[in-house]
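Please work through the following exercises with the sequence and the three-dimensional model at hand. Each task is followed by a stepwise solution.

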Amino acid sequence: MQLHCDVAVVGAGPAGSRTARNLARAGLSVRLLEEHRRVGVPSHCSGLISPRTLREAEIGEDAIIHRITGAFVHTARGSEVALGGDKTRAVAIDRVRWDETLAEQAQVAGADLVRARLTGVERENSHVRLHTQTDGRDSAFTARVVVGADGAHSRVARSLGLTGPAEKVYCLGIEGRLKTPREEFVHVFVGHDLAPGWFGWIIPTGDGGVRAGIGSGNAVKPIACYRRLTELFPRLFDGIESCRLYGGTIPLDFAPRSFADNVLLVGDAAGQVKPFSGGGIYTGLVAARQASAAVLRAFENDDCTAAGLAPYERAWKREIGRELLRSLRIRHFGLALSEGEVERVVGALRSEGLQQLASRHGDIDYPSRVLLRLARSLPALGLLAWITLRRPAATWTLLRANLPFAL
């Protein structure tokens, strides 16, 4: 049977566009589906990435709008600690421009960008049929493989019987104007009563611009959390001018399976998100690199079954899976602590020894590396012993994060 294309990629975010570019560059016929009229709009991302992510994206620094060197961590009870400040740790980007650039790369490589909303996918013999809608008009086309890069509520996954990530948080973001104490520092707000299951943030974007927000992992609505955040920290939020509000869902654990016959999941659809921060751009780009390599091998072997595509999951988990699992366990350790224990942990970070460790090893893509070093360091041992007596199950979770294998 003559198919319309070799591969259909659903979703022109970073993971989808990068997968499409790599496959088209290798000579496959690729359709890249995007349901919005403009790629990257509306943006649902705080747009804070590492210098490493810039290198992985291969698009230079044109989308950078501000550089970040450190962070203030605040607790609901008013404690505060400053970390970093010595060098660029992260950059704020123009997320719309970033997404558009990656999609343009895919088109230059030969991928066809199709403005359409996916309504369903079904398997037919050894290929898939995708049903789409554009301006109310229904259509369909066929491909040998479909790549679901369509977010935390992936329609590709649901249509083809793949289960999505179970653990999620729901966030509210605000783009606006606000004068911050130090424009090169982000602000992070922690506390179960403040942001149950997640945290709040202020990210300066330069020239008085900010991206602020908060998330919740339970039934408390993010808008209610945000109101409480502004009430608790009037010194930081007074005078904020909100220009745009947006919401989003962040998956925090792996999908049980990121492949099946004729399908791969990448990015948020597969739960390839940093559980400690919710960032998914770097991990999505890594997964896209591995996904495109796996699809190309499957085509070379003429085997697009689950067995032929299975190397993809092994490859991405080998590169970033251990870090994501470690970070998820450290997150669960933190969630088990009381407000008072969180205060003690934040207070301990003021010690010179822990400050030096945080400055030397801090890495927003691999946070477990510095967090586990901090937990094992001499200044933290007394605090960890105290927590162990009070929360032995939580400490066991932290111990599991140190293990070189899943347990």
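**Exercise 1: Surroundings of Ser-29**

A polar atom of the Ser-29 side chain lies 2.8 Å from the backbone nitrogen of Asp-6. The model is predicted: local features need pLDDT of at least 70, side-chain atom pairs count only at pLDDT 80 or more, and totals for chains, interfaces and linings use all residues. Residues are numbered from 1 along each chain as its sequence is written, and side-chain values use heavy atoms, with hydrogens and water left out.

Task: Determine where Ser-29 is placed and which residues it touches.

Solution. Step 1: Ser-29 is in the loop between α1 and β2 (helices, H or I, at least four residues, and strands, E, at least two, are DSSP runs numbered from the N terminus). Step 2: Not counting residues up to four places away in sequence, Ser-29 touches Cys-5, Asp-6 and Val-7 (heavy atoms within 4.5 Å).

**Exercise 2: Helix α7 and the core**

Task: State how many residues of α7 are buried and which element supplies the largest share of the largest nonpolar core.

Solution. Step 1: α7 spans residues 281-300. Step 2: Of its 20 residues, 15 are buried, so α7 is largely enclosed by the rest of the structure (buried means under 20% relative accessible area, 1.4 Å probe, protein chains only). Step 3: The largest nonpolar core has 38 residues, and Val-7, Val-30, Val-295 and Tyr-312 have the most contacts inside it (a core joins buried Ala, Val, Leu, Ile, Met, Phe, Trp, Tyr and Cys residues through side-chain atoms within 4.5 Å). Step 4: α7 supplies the largest share of this core, eight residues.

Methods. Expected span 1.5 Å × (residues − 1). Buried < 20%, exposed > 50% of the residue type's maximum accessible area, 1.4 Å probe, protein only. Polar contact = N/O pair within 3.5 Å; in protein donor to acceptor, adjacent residues only side chain to side chain.
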